[in-house]
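Here's a quick walk through a model, going from the whole chain down to single residues. Have the coordinates open as you read.

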Amino acid sequence: GELKEAKKDLKTAVDIDPNTNHAIKKELHLLTKHLQDTAKRQKKAAQAFFSFDNKSMSLYDDKEQELKQKKLEQQRIKKEKEDALKKRKLQWEDDNVKRMAADKNALSYDEWDKAKKKEEKK
């Protein structure tokens, strides 16, 4: 309010006498620049305040991040288990091919798995 009043008064002084004191023109220029800078800062602050792109808007960001990490970890573990099972089934197929080549009966996956687990415990 007061700065705008001062600017108005300085403009009036310059309009009355264009050959006015250089100090008044300089003061008017500085005041105008200050008002422009203040307006820019206020605009930037308002944009930041009302910005919905701001990633830290949520009070629960840390909790959401933790849940996301847990979900990723669970997915990783599930994938590792699936890969291990695929690998184990390939071993079972290979063992059955070897058994059949040696004129032995093929084993079901469950029978083979029980036998392998007993061997691994030893």
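## Overall layout

From one end of the sequence to the other, the chain reads α-α-α-α. That makes four helices and zero strands. Bear in mind that this is a predicted model.

So how spread out is the chain compared with a compact globule? Its radius of gyration is 40 Å, while the globule rule gives 14 Å for 122 residues, so the chain is well over that value and more spread out than a compact globule. The C-alpha trace tells you about the extents too: along the principal axes it spans about 115 × 30 × 25 Å.

Burial is worth a look next. Just 8% of the 122 residues count as buried. The accessible surface comes to about 11300 Å², and carbon and sulfur atoms account for 55% of that. As for contacts with a separation of 6 or more, 30% of them involve residues 24 or more positions apart.

## Helix α4 and its two sides

Helix α4 covers residues 109–121, which is 13 residues. From first C-alpha to last it reaches 18 Å, close to the 18 Å expected at 1.5 Å a residue.

Which residues of α4 are buried? They are Tyr109, Trp112 and Asp113. Looking down the axis of α4, these buried residues fall within an arc of 100°, so they line one face of the helix. The general background is handy here: an α-helix has 3.6 residues a turn, so residues three or four places apart point the same way.

And what does that face pack against? The buried residues of α4 pack against α3. Over on the other side of α4, the exposed residues are Asp110, Lys114, Lys118 and Lys121.

## Two residues to click on

Moving back along the chain, here are a residue in α3 and one in the loop after it.

| Residue | Place | Relative accessible area |
|---|---|---|
| Ala84 | helix α3 (residues 61–101) | 45%, partly exposed |
| Asp103 | loop between α3 and α4 | 74%, exposed |

Ala84 is partly exposed because its relative accessible area, 45%, lies between the 20% and 50% cut-offs. Try a distance check from there: the C-alpha atoms of Ala84 and Lys7 are separated by 77 Å, and the two residues are 77 residues apart along the chain.

Asp103 has a backbone feature to inspect: its phi is positive, at about 60°, although Asp103 is not a glycine. At 74% relative accessibility, Asp103 counts as exposed because the cut-off is over 50%.

How values were computed: Residues numbered from 1 in each chain as written. Predicted model: local features only at pLDDT ≥ 70, side-chain atom pairs only at ≥ 80, totals over all residues. Heavy atoms only, no water. Helix = DSSP H or I, 4+ residues; strand = E, 2+ residues; numbered from the N terminus. Buried < 20%, exposed > 50% of the residue type's maximum accessible area, 1.4 Å probe, protein only. Expected span 1.5 Å × (residues − 1). Arc of directions from axis to C-beta. Contact = heavy atoms within 4.5 Å. Rg over C-alpha atoms; globule rule 2.2 N^0.38 Å. Areas by Shrake-Rupley, 256 points an atom, 1.4 Å probe, with all protein chains shown as cover.
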